[in-house]
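Let's take a walk through this one together. Have the viewer open and follow along as we go.

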Amino acid sequence: MEGLLALVAAVLTAASVASRGAAYTNYTVGDTAGWFFDAATNRSAADYQAWAKNFTFNLGDFLIFNTDSDHTVVQTYNGTAFKSCDYEDDTGSDTILYSVPGDPTKLGVRGVIAVPLTKVGDNYYFSDANDGIQCADGLKFSISVNKGEGLPPSLIEPPPSPPSSASSPPAADTPPIGTPSSQNENFANSAASRPLPAAGLAFPVILMCGLVALFV
């Protein structure tokens with residue numbers, strides 16, 4: 001009987017360790033407010049810096065921006081560019097511009113921009129739309145990214161540069177995903193990298209029950 005209990009304990013311990021593996025997270029920026037700016041009031045839809053203070057960010061996590069083609073997402077590691085709301089002088093690899101894919105002349109096209117966290121340290125985000133006015137009036141925030149469990153294999157290589165030409169807009173009922181990385185990239189909560197859910201313990205529990213029945 002003692003041997004059976006030891007075996008059951010080992011199975012449950014292994015399941016617990018597996019459930020904690022690959023603990024990457026998707027964070028929806030601004031929660032339900034999304035990533036928006038009201039030009040009529042010159043105010044952002046949320047206090048994004050206050051939102052960011054509620055979380056701990058790690059390598060391999062994703063920031064999810066629910067927004068539209070009237071707004072952009074600039075990801076930079078350049079604090080000067082962030083403070084000035086202008087990245088034009090950053091000619092290195094410190095800055096990536098994201099936007100909702102599709103016809104750039106069409107305004108108000110809704111979409112999702114998924115930004116991976118691939119560098120430890122200070123990460124800055126802002127919208128450069130309206131010549132930096134959106135950024136100056138609140139559409140910006142900064143975070144500190146920790147190493148955590150390190151990058152998953154899918155993010156070991158840095159994201160490529162955004163495509164130079166606009167792609168054809170997707171169907172109206174499918175929100176586009178704007179990201180310079182491959183459209184086949186797995187987000188943090190995809191099946192390829194999400195933590196094992198509670199249902200993932202079903203097999204160890206079934207195995208344990210079978211072992212108990214075998215020895216009773």
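Which residues touch the most other members of the largest nonpolar core? In this predicted model, they are Phe57, Leu63, Phe65, Tyr125, Phe141 and Ile143, out of 24 residues in that core. Two or more core residues come from each of α2 (48-52), β5 (62-68), β7 (95-99), β8 (110-116) and β10 (140-146). Apart from this core lies another one, made of eight residues, including Phe82, Tyr87, Tyr124 and Cys135.

Let's step back for the overall picture. The protein chain has five helices and 11 strands. Of its 216 residues, 38% are buried. If you take contacts between residues at least 6 apart in sequence, 76% of them join residues at least 24 apart. On the outside, the accessible surface comes to about 12100 Å², with 57% of that belonging to carbon and sulfur atoms.

Before going into side chains, have a look at the confidence. The average pLDDT of the protein chain is 76, and 62% of the residues score at least 70. Residues 3-21 have a pLDDT below 50, and beyond near neighbours in sequence that stretch has 16 contacts in the model. Residues 181-186 are also below 50, with eight contacts beyond near neighbours in sequence. Where pLDDT is low, the predicted coordinates should not be read in detail.

Now back to the core, starting with Phe65. Setting aside neighbours within four places in sequence, Phe65 is in contact with Val29, Trp35, Val73, Gly111, Val112, Ile113, Val115, Tyr125 and Phe141. Several of those names turn up again once you look at the aromatic rings. A single aromatic cluster takes in Tyr27, Trp35, Tyr48, Trp51, Phe55, Phe57, Phe65, Tyr125 and Phe141.

How many aromatic pairs does the count come to? The total is 14 aromatic pairs. Take Trp35 and Phe141: their ring centres are 5.9 Å apart and their planes sit at 80 degrees, so the pair is edge-to-face, the cut-off being over 60. Trp35 belongs to the loop between β1 (26-28) and β2 (37-38), while Phe141 is in strand β10, so this pair ties together parts that are 106 residues apart in sequence. Trp35 is buried, at a relative accessible area of 0%, and Phe141 is buried with a value of 0% as well.

The rings of Phe65 and Tyr125 give you another geometry. Here the centres are 6.2 Å apart and the planes are at 40 degrees, so the pair counts as tilted. Phe65 is in strand β5 and Tyr125 in strand β9 (residues 121-126), so the pair links parts that are 60 residues apart in sequence. Both Phe65 and Tyr125 are buried.

There is a charge over a ring to look at too. Lys140 lies over the face of Phe82, at 5.7 Å from the ring centre, and Phe82 is one of the residues in that other core of eight.

Strand β9 also holds Asn123. Is Asn123 buried or exposed? With 0% relative accessibility, Asn123 counts as buried, because the cut-off is under 20%. Leaving out residues up to four places away in sequence, Asn123 touches Gln75, Thr76, Tyr77, Leu117, Phe141, Ser142, Ile143 and Val145. Asn123 and Ile143 are 20 residues apart along the chain, yet their C-alpha atoms are separated by 5.4 Å.

For another approach across the sequence, find Thr56 in the loop between α2 and β4 (57-58). Thr56 and Ser144 are 88 residues apart in sequence, and their C-alpha atoms are 8.0 Å apart in space. Among residues further than four places away in sequence, Thr56 touches Tyr27, Asp61 and Asn146.

Finally, a couple of backbone details. Asp31, in the loop between β1 and β2, has a positive phi near 55 degrees, although the residue is not a glycine. Asn42 also has a phi near 55 degrees, again positive in a residue other than glycine, and Asn42 is placed in the loop between β2 and β3 (43-44). How accessible are they? Asp31 counts as partly exposed at 43% relative accessibility, and Asn42 is partly exposed at 43% too.

Technical notes
Residues are numbered from 1 along each chain as its sequence is written. Side-chain values use heavy atoms; hydrogens and water are left out. A nonpolar core is a set of buried Ala, Val, Leu, Ile, Met, Phe, Trp, Tyr and Cys residues joined through side-chain atoms within 4.5 Å. Buried means under 20% relative accessible area, exposed over 50%, partly exposed in between (1.4 Å probe, protein chains only). Helices (H or I, at least four residues) and strands (E, at least two) are DSSP runs, numbered from the N terminus. Contact means heavy atoms within 4.5 Å. Accessible areas come from the Shrake-Rupley method with a 1.4 Å probe; for residues, only the protein chains shown count as cover. Rings of Phe, Tyr and Trp (its six-membered ring) pair if their centres lie within 6.5 Å; planes under 30 degrees apart count as stacked, over 60 as edge-to-face and the rest as tilted. A charge sits over a ring if NZ of Lys or CZ of Arg is within 6 Å of the ring centre and within 35 degrees of the ring normal. pLDDT is the predictor's confidence in each residue, from 0 to 100.
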